[in-house]
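Reader: Show me the model, please. I want to know how its labels are earned.

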Amino acid sequence: MIRQDAHRIDPKRRATIDHKKRQFATPTYKQQDYPHRLNLYDTPPTAEITLEQFEQWAIDRLKVLAEIEACSYRNKSPAETEAHITPLLQKFLPLSSNTASPNGAADPRLKNERQKDHYSHFILRLAFSATEDLRRRFARAETMLFRFRFQKDDSRERRAFIESLNLDWEPVSEDERNQVAEHLVGATPGLRRVDEETWYKVDWEKVAELVERRSVFMRRGKAYVPGREQLSMIVAEFTARLERSLELTSRALPRLDEDDRLTPILNHLSKNFGSAESVYSEAEGHVDGTAITASSIDSLSQHFPLCMRNLHMNLRKNNHLKHFGRLQYTLFLKGIGLSLEECILFWRQSFKGKTDDEFNSQYKYNIRHAYGDVGGDVNRRGRGYPPYSCQKILGDNNVGVGQAHGCPYRHFSVDNLIGLLQGTGVNDKEVLRGVREDVGKQRYHIACNRVFEWSHKTEIKKVKEDGTWSQADLDTIVHPNTYFKRSYLLKSLAKAPPRGEA
């Protein structure tokens, strides 16, 4: 009897064990709803997406953030930044308002847009949490994107979004407002009567921007903020939450090291902040309808970026380039449309001190190999190696004395860089000062774009005014072959007669 009772299972205990077993069942996640266009990204996404979506969504968002950062570095005005960013957002990261659809937030298109925005933010949060510099840059770029969207949001939807946040903003009563009315008027620029505004009391740290501008009244650690400064308050809230979340994410990153699917993608994204080479396709460097031959390279070199122009100048000066310089330059020439036969002819004519036998035995095979005509690259359908991106060139740490490859903005001393720029016709003191500043802050691609914009300022103005190009056609250059194609097309369009004229 006792033995039988000992083995009897109490129903309550059975229920408890059952409950514990359910903890280890396959998790089920609820699909998230997105009632608002704006998002403070407090809740991480939980539903499954494919690895392709994981990478492509992140790359699309990275492209937008890189352009936002570039606009800031190049001191573009708010109007110029808006004109530059708007078409890129429509292309890579559209985010429509509820009023854009008869079905409102329930529209599947709006839900898909908001899901991509939500997931891409958190993917990049993982990628940019590793170091303090990446966290700072990411928070700054995301804050600028949020500010831009907040200002463009429908006023009713914006109000509903703010009300849904339950922020710790203490309304100022009428009696308290009247007591400090004189101080409010004196501290708030442009204010005539205190009853014209709804007032809130918030911790001064949350509106540091307003405190710095001395445009709010402060008392006992609280800032009295008028409703018209709502933008500053919500943006400060967004930044504070994001910075805290990035810090927490950085502590969790070591747990991802064992996932060999995600880690390479995240590393690739973080290395390409501001230079998203993944959005470049090899065909983008070709100029349709233009015959590129060995004999035309000298005249075309005026359209080359500084890295390739330096290689060309060294080749013409010494009738020779070392291996890595030859490889970098060969792939660039391949990318602008020079055929294998013409490329072999170009190098043969350039190496004037070599006999045919020396050239054929020492150099010809490497050219064919780069094009995929021989060697292992034949297995890649004869495509060979792709042209080097800016990020690839910048990452080369083997540029030593006597080498001509690499990026002059990174691998030259500042004085030698300025001398090279002046030797190629860049003589504007303001541009050179900006280049020095960019290089000092390791913003090499911004320095290169600064020189491009100065060198093509007349042509850029013309194509904008006549509508030949949109602002989206002038995004930040992150590939030498893109630099060539854009320079060539701008110069060609500027020479063409206006529309309607023969």
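Author: What follows sets values against definitions. This is a predicted model, where local features need pLDDT of at least 70, side-chain atom pairs count only at pLDDT 80 or more, and totals for chains, interfaces and linings use all residues. Residues are numbered from 1 along each chain as its sequence is written, and side-chain values use heavy atoms, with hydrogens and water left out.

Reader: Why are helix 5 and helix 11 called oblique to each other?

Author: Helix 5 (residues 108-127) packs on helix 11 (residues 230-252) at about 55 degrees, with axes 9 Å apart. Angles under 35 degrees count as roughly parallel, over 145 as roughly antiparallel, 65 to 115 as roughly perpendicular, and the rest as oblique. The two helices are therefore oblique.

Reader: What meets in helix 5 and helix 11?

Author: H121, R125 and L126 in helix 5 meet L242, S245, L246 and T249 in helix 11; contact means heavy atoms within 4.5 Å. The contact residues are three nonpolar, three polar and one charged.

Reader: How do you know that C307, C390, C407 and C448 belong to a "binding site"?

Author: An unreviewed UniProt entry lists them so. Such annotations may be inferred rather than shown by experiment.

Reader: What makes these residues gather at one spot?

Author: They span 142 residues in sequence, yet no two of their C-alpha atoms are more than 10.1 Å apart, so they gather at one spot. C307 sits in helix 14 (residues 306-318).

Technical notes. Axes are lines fitted to C-alpha atoms, for helices over the stretch in contact, and angles run from 0 to 180 degrees between N-to-C directions. Helices (H or I, at least four residues) and strands (E, at least two) are DSSP runs, numbered from the N terminus. Ala, Val, Leu, Ile, Met, Phe, Trp, Tyr, Cys and Pro count as nonpolar, Asp, Glu, Lys and Arg as charged, and the others, Gly among them, as polar.
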